[in-house]
Amino acid sequence: MTSSFKRPDGRKVDELREFEAKVGIVPNADGSAMYRSGETIAIAAVYGPKKMHPQHSQNPEKGTLRCTYNMNSFSVSERIRPGPSRRSTEISKITEWALEPVLMLDKFQNMVVDVHINIIQADAGTRCAGINAAAMALAHAGIPMKDMVSSVSVGKLDKTIVVDLSKEEEDYEEGEGPTDIPISMTHSGDITHFQLDGKIDSKQLMEAVELAKKSCEQIYEVQKKALKDSIDLTGGED
Ligand code: ADP
């Protein structure tokens, strides 16, 4: 991929921000994980499966995945009003849709699996970071899964396709303005979540999806290592 476009932080167009993952960070939860991409930090904690209350919300066919996304008041420089918002409700729903396809919820009739996602620090890409943390936390909680889910935001800045947009890039106003495309996919390559904010033609969209695929592969390796390390630690070896 060649381009003369310069990203504000000097990254290559296909370069993720520095990122890391850790599993098992909330002792009281049944499963937990942290995912950081640059200045964006997400923590996910899983509670359950447990009986769904109230009873009329129970699904006798399968368990329910209930995600709650929350951006902490202090996660951005100007304090955000605490509590749910339209945005947090939308992202909670999207997170459920991104993760449900890999979960074997038919084993948990009438039960609920609660996933609480907290954004401790936000510099764009928080829904993707939250999904990455939640997928690891669900695996850590021992919820049966067919595959892992990895998530990244790709976009178009000044006609150039780039990966993992920072807040500064999301606010880029040159030309048509930025296009932001958060995508989540399984390791086997099935897209479970796709959003598009802005304009893009079909050729560049295909390029963006390819870039997301390549980036999710890198994220998957880090998620896998974090999960493996958590098992090694509980084994008490070394
Ligand atoms: P995402 O975080 O998934 O990219 P958005 O595109 O809605 O989702 O938000 C982009 C970024 O804008 C966030 O990561 C955060 O840095 C900032 N942001 C979002 N909502 C607010 C808010 N209410 N106050 C201040 N900054 C915000």
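Mentor: Helices (H or I, at least four residues) and strands (E, at least two) are DSSP runs, numbered from the N terminus. The model before us is predicted.

Trainee: Which space does the ligand take?
Mentor: The space in question is an open one, a pocket rather than a cavity. The ligand takes up the largest pocket.

Trainee: Which elements give two or more residues to the shell around the ligand?
Mentor: Thr126 and Arg127 are among the residues around the ligand, and H2 runs over 126-140. Lys167 and Glu170 also belong to this group. The elements that give two or more residues to the shell are H2 and helix H3 (167-170).

Trainee: How do the residues of the shell around the ligand divide into nonpolar, polar and charged?
Mentor: Met71, Val76 and Ile80 are among the residues around the ligand, as are Arg87 and Asp123. Gly125 is also in the shell, and glycine counts as polar. The division is five nonpolar, two polar and five charged.

Trainee: Which residue has a polar side-chain atom 3.2 Å from an oxygen atom of the ligand?
Mentor: Two other contacts come from the backbone: a polar backbone atom of alanine 124 is 2.8 Å from a ligand oxygen, and a backbone N or O atom of alanine 122 lies 3.4 Å from one. The side-chain contact at 3.2 Å is made by glutamate 170.

Trainee: What percentage of the ligand's accessible area does the protein cover?
Mentor: On its own, the ligand has 530 Å² of accessible area. The part covered by the protein is 73%.

Trainee: How much space lies in the largest pocket?
Mentor: The volume is the space filled by probe spheres set on the grid points. For the largest pocket this comes to about 440 Å³.

Trainee: Of the residues that line the largest pocket, which are the closest to its centre?
Mentor: The lining holds 18 residues, of which seven are nonpolar, four polar and seven charged. H2, H3 and strand S8 (179-186) each supply at least two of them. The closest to the centre are Arg87, Ala124, Arg127, Glu170 and Asp180.

Trainee: What is the volume of the largest cavity?
Mentor: The count of cavities of 30 Å³ or more comes to one. The largest cavity has a volume of about 70 Å³.

Trainee: Which elements each supply at least two residues of the lining of the largest cavity?
Mentor: This cavity is lined by 13 residues, with Ser37, Cys128, Ser151, Val152 and Asp164 nearest its centre. By class, the lining has six nonpolar, five polar and two charged residues. The elements that each supply at least two are strand S2 (31-37), helix H2 (126-140) and strand S6 (149-157).

Trainee: Which residue does a cis peptide bond join to glycine 48?
Mentor: Omega of this bond is about 5°. A cis bond also leads from histidine 53 to proline 54, with omega near 0°; proline 54 lies in the loop between S3 and strand S4 (64-71). The residue joined to glycine 48 is in strand S3 (residues 40-51), and its name is proline 49.

Trainee: Where is the place of asparagine 110?
Mentor: Asparagine 110 has a phi near 65°, a positive value in a residue other than glycine. Its place is in the loop between helix H1 (86-99) and strand S5 (111-121).

Technical notes
Residues numbered from 1 in each chain as written. Predicted model: local features only at pLDDT ≥ 70, side-chain atom pairs only at ≥ 80, totals over all residues. Heavy atoms only, no water. 1 Å grid on protein atoms, 1.4 Å probe; cavity = no way out; pocket = protein on both sides within 12 Å on 5 of 7 lines; lining within 4 Å. Near = heavy atom within 4 Å. Polar contact = N/O pair within 3.5 Å; in protein donor to acceptor, adjacent residues only side chain to side chain. Areas by Shrake-Rupley, 256 points an atom, 1.4 Å probe, with all protein chains shown as cover. Sits in = over half its atoms within 2 Å of the grid points.
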